[in-house]
Amino acid sequence: MQKEFTEDQEQFREVVARFLQDKADPAAARELLATQTGFDANVWHQMATEVGLTGTHIPETYGGFGFGVVELGIALEEMGRHIYCGPFFASSVMAGYGLMIAGDENAKQTWLPEIATGEVIATLVLDNLNSPGGVGRVLSAADNKVNGDVSLVVDGQNASQLFVVAGEADGLGLYRVEAGASGLAVTAIDSLDPTRRLAAVSFSDVSAERVGDVSEAALNAIWDHICVALSHEMIGGAQQLLDSTVEYTRIRYQFGRPIGSFQGLKHRLADLLMELEFAKAATHHAGFCLAAGDGDAYTPSMVKAMASDVYLKAAKEAIQMRGGIGFTWEEDTHFWFKRAKSSEVFMGTPSFHRERMMTMMEGAA
């Protein structure tokens, strides 16, 4: 199993970082907040065609670059650092993994190349974003018709294809619904984190194409892959908050000296650094495990809990150490704070994942 990044992977990180440094920053995010879609279509096109990020982890057989979980994690770390606004997580990560893990061969051949090139923006519709055990209780499917209301769908208003996990008489199925289908209602909703757009989606006898079976094992695999991907994004955001806060304490003077020279702040930053390094190491390890198809089953839940905790702590420390200015709209820190708070509960809270982790450990014992 891989234990550290290769030279090629580090070069890939540099390429992604340079691209996002030019195309994604808080100034761009402020402009995009006023738009209906919440993302720049030109940047999306460049990301897909020039850098190839949308197909990073999708196998070459299905039109992607075939790199895998580790390279996807690298890309998401940099997106977390630069607070990228766009449907990458919904389309490439959620819908991509949903199709790769649970889709039938025809659906993979048809839709994964479209997702990999960015020509199609898709999303994965789950009627429960808190626990895999709760999925399929609200949405139902029978005779290729989907019914039910979902309150939270990531980038639902931007997706041209919705891949829906719905309950059936004897399990769960994966269905494809085209945006604009009769009986489908998509309503954009305001959320704590405006940089990750959410929508409420209602299905009323919506015609759908069944594109796969979703077994309990497949659903848990989808959940684990999404959680590890999200954890990479979170540690990238936490690293940015730590770096910017350290820099701020060097230039902010109080009583004739930089506030970073005060022992109390030094200790807080040192504690944050240690917690971040632990979470970062665990998250990278989880990526290596998924890439190798090895490792403990509880690792994805462990890193989701660790990354959630350290991201929110980094955001709180960043705001507090900036004093009054940290609470203002003009200061950029609030973008990462809102992303940290929303990511904390997205795909399961830290307490849920710790309980899930302990259950898995007990089962293995």
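Begin by selecting helix α8 (residues 263-292) together with helix α9 (residues 299-321), whose axes come within 9 Å of each other and cross at roughly 155°. Since angles over 145 degrees count as roughly antiparallel, this crossing makes α8 roughly antiparallel to α9. The crossing of these two helices is left-handed, and if you colour the residues of their contact by class, you will find 15 nonpolar, 4 polar and 5 charged ones. Keep in mind throughout the tour that this is a predicted model.

Keep α9 selected and add helix α11 (residues 350-364), because the axes of α9 and α11 come within 8 Å and cross at roughly 155°, and α9 and α11 are therefore roughly antiparallel to each other. Here, too, you are looking at a left-handed crossing, in which α9 passes α11.

Now turn to the aromatic rings, of which a search of the whole structure finds 7 pairs. Select Phe 5 and Phe 288, which form an edge-to-face pair with 5.5 Å from centre to centre and 65° between the planes. Phe 5 lies in the segment before α1 (7-23) and Phe 288 in helix α8, so this pair ties together parts that are 283 residues apart in sequence.

Next, look for the largest pocket, which has a volume of about 370 Å³. It is lined by 22 residues, and to find its centre you can select Leu 129, Leu 152, Leu 198, Val 345 and Phe 346, which are the closest to it. If you then show β3 (145-154) and α10 (333-345), you will see two elements that each supply at least two residues of the lining of this pocket. By class, the lining of the largest pocket divides into 11 nonpolar, 6 polar and 5 charged residues.

The last stops are enclosed spaces, for the structure holds 2 cavities of 30 Å³ or more. The largest cavity contains about 120 Å³ of space, and among its 17 lining residues, Tyr 84, Gly 86, Thr 195, Arg 196 and Arg 339 lie nearest its centre. Helices α4 (69-81) and α5 (88-102) each supply at least two residues of this lining, and the largest share, 3 residues, comes from α5.

For the second largest cavity, which holds about 40 Å³ of space, select the lining residues, including Val 69, Leu 72, Tyr 97, His 225 and His 232. Both α4 and α7 (216-251) supply at least two residues of its lining, and the lining of this second largest cavity has 6 nonpolar, 3 polar and no charged residues.

Technical notes. Residues numbered from 1 in each chain as written. Predicted model: local features only at pLDDT ≥ 70, side-chain atom pairs only at ≥ 80, totals over all residues. Heavy atoms only, no water. 1 Å grid on protein atoms, 1.4 Å probe; cavity = no way out; pocket = protein on both sides within 12 Å on 5 of 7 lines; lining within 4 Å. Points joined across faces, edges and corners; volume = space filled by probe spheres on them. Helix = DSSP H or I, 4+ residues; strand = E, 2+ residues; numbered from the N terminus. Nonpolar A, V, L, I, M, F, W, Y, C, P; charged D, E, K, R; others polar. Axes fitted to C-alpha atoms, helices over the stretch in contact; angles between N-to-C directions. Parallel < 35°, antiparallel > 145°, perpendicular 65-115°, else oblique. Left-handed = near helix turned anticlockwise from the far one by under 90°. Phe/Tyr/Trp six-rings, centres within 6.5 Å; stacked < 30°, edge-to-face > 60°.
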